[in-house]
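I opened a new model today and kept notes as I went. Here is what I looked up, in the order I got curious about it.

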Amino acid sequence: MSAMNFIEQIRQRDRVFDFIQPQASSRLDVSHGNILYLEDISVSFDGFKAINNLNLYIKEGELRCIIGPNGAGKTTMMDIITGKTRPDTGSAWFGSRINLLELDEPEIAEAGIGRKFQKPTVFENHLVVDNLELAMAGNKSVITSLFARLSAAQKERIDEVLETIGLKDNKYRLAGSLSHGQKQWLEIGMLLMQNPKLLLVDEPVAGMTHQEMDRTAELLKSLAGQHSVVVVEHDMDFVRSIANHVTVLHQGSVLAEGTMDQVQSNPKVVEVYLGE
Ligand SMILES: Nc1ncnc2c1ncn2[C@@H]1O[C@H](COP(=O)(O)OP(=O)(O)O)[C@@H](O)[C@H]1O
Ligand SMILES: [Mg+2]
């Protein structure tokens with residue numbers, strides 16, 4: 001990478017992390033049990049209803065899997081939660097007090113919703129530990145944080161996250177030298193540095209080995225409880241290995257909800273998947 005590219009990359013990250021504050025989720029009210037409420041949400045693209053009267057509730061601390069055929073609206077749903085796409089109708093609340101439709105993307109991230117995209121976007125030319133440091137909540141500037149001395153608490157937090165994501169022994173390796181699976185975990189770690197309450201994870205095991213998939217399952221399960229985790233995934237064996245509660249999306253609405261066994265034996269679900 002050229003020096004200019006590198007500086008531009010830093011500047012872009014800087015903009016991304018500028019607004020992230022640790023006290024962000026102080027307004028979050030989950031006393032009614034749910035961390036996310038999507039009600040009667042619809043959105044059309046050129047007359048095509050990608051999301052059609054969607055209702056979805058996520059409980060605090062739960063690990064929910066969202067499945068559904070291609071084009072079901074899974075990614076669009078995540079775009080709505082994170083403010084990337086605005087619905088035409090409906091309401092979206094984070095806890096019972098934060099109206100997501102009144103916030104822009106940075107404000108939603110700041111409020112405590114973290115999103116992991118399919119492709120890992122770690123800083124390949126930096127050490128694993130530096131990637132986590134750069135992602136830390138409350139660091140105003142990447143340039144400053146690169147040269148600042150970390151507090152003991154911050155160092156401890158980095159080690160804690162390294163432990164969680166299983167990269168303790170890779171702390172001083174270049175991120176670019178990690179395996180595909182390890183990069184995915186590092187990026188989850190970078191999200192964790194921002195202390196999100198709700199994590200949205202889009203197709204985490206695409207391209208992973210079986211062993212990496214098993215470790216990813218353990219990682220996501222270990223995050224539930226402390227966080228609420230919504231996972232969109234195609235791999236049914238993987239979904240079965242992590243989820244108690246599965247939601248099937250089809251044509252922008254909820255087709256079925258329940259345990260993996262319940263949804264897989266649901267005739268409507270079987271029909272939709274056979275039609276793929
Ligand atoms: N920005 C967009 N413009 C036009 N059509 C879109 C846009 N985003 C999604 N769609 C359409 O909405 C439908 C749902 O897409 P998506 O949410 O990506 O489905 P999934 O993630 O479940 O595969 C698809 O038919 C897709 O082509
Ligand atoms: Mg998608």
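My entries below go from the whole chain to single elements and residues.

**Entry 1: the chain as a whole**

I started by noting that this is a predicted model. I counted 11 helices and 10 strands in the protein chain. Next I looked up burial: of the 276 residues, 40% are buried. I also checked how far apart in sequence the contacting residues are. Taking contacts between residues at least 6 apart in sequence, I found that 70% join residues at least 24 apart.

**Entry 2: a four-stranded sheet**

In which order do the strands of the open sheet run? I read it as β2-β1-β4-β5, with antiparallel pairing. The edge strands are β2 (48–59) and β5, each of which pairs on one side only.

I then went through the pairs. β1 (residues 34–45) and β4 (residues 89–94) are antiparallel and share 5 bridges. One position I looked up there is Leu38, whose bridge partner in β4 is Ala92. On to β4 and β5 (residues 98–99): these two strands are joined by 2 bridges and also run antiparallel. Phe94 has Ile98 of β5 as its bridge partner, and Trp93 stands opposite Asn99 in β5.

The hairpin of β4 and β5 has 3 residues between the strands, and I noted that Gly95 takes a positive phi there, near 65°.

**Entry 3: helix α2 on the sheet**

I wanted to see what α2 (residues 74–81) does next to these strands. The helix lies across β1, β2 and β4, and runs at about 65° to β2.

Why do I call α2 largely enclosed by the rest of the structure? Because 7 of its 8 residues are buried. I listed them as Lys74, Thr76, Met77, Met78, Asp79, Ile80 and Ile81. After the helix comes Gly83, and its phi is positive, near 85°.

**Entry 4: around ligand 1**

Which element gives the most to the shell around ligand 1? My answer is α2 again, with 3 residues. The full set I wrote down is Phe45, Ala50, Gly68, Asn70, Gly71, Ala72, Gly73, Lys74, Thr75 and Thr76. Sorted by class, the shell has 3 nonpolar, 6 polar and 1 charged residues.

Lys74 and Thr76 turn up in this shell and also among the buried residues of α2.

**Entry 5: Glu107**

Next I picked a residue further along, Glu107, which lies in helix α3 (residues 105–111). Glu107 has 15 other C-beta atoms within 10 Å. A residue counts as buried from 20 such atoms and as exposed at 12 or fewer, so Glu107 comes out as partly exposed. I also compared its place with that of Thr82: the two are 25 residues apart in sequence, and their C-alpha atoms are 9.3 Å apart in space.

**Entry 6: helix α7**

My last stop was α7 (residues 180–192), a helix of 13 residues. From its first C-alpha to its last I get 19 Å, close to the 18 Å expected at 1.5 Å a residue.

Since 12 of the 13 residues of α7 are buried, I noted this helix as largely enclosed by the rest of the structure. Among the buried ones are Gln182, Lys183, Trp185, Glu187 and Met190. What do the buried residues of α7 pack against? I found β6 (113–116), α4 (128–134), α6 (152–164), β7 (198–202) and α8 (210–223).

How values were computed: Residues are numbered from 1 along each chain as its sequence is written. Chains are lettered from A and ligands numbered from 1 in the order in which they are written. This is a predicted model: local features need pLDDT of at least 70, side-chain atom pairs count only at pLDDT 80 or more; totals for chains, interfaces and linings use all residues. A residue is near a molecule or strand if its C-beta atom, placed from the backbone, lies within 6 Å of it. Ala, Val, Leu, Ile, Met, Phe, Trp, Tyr, Cys and Pro count as nonpolar, Asp, Glu, Lys and Arg as charged, and the others, Gly among them, as polar. Two strands pair if DSSP finds at least two bridges between them. Two residues are in contact if their C-beta atoms, placed from the backbone, lie within 7 Å. Axes are lines fitted to C-alpha atoms, for helices over the stretch in contact, and angles run from 0 to 180 degrees between N-to-C directions. The expected span of a helix is 1.5 Å times one less than its number of residues.
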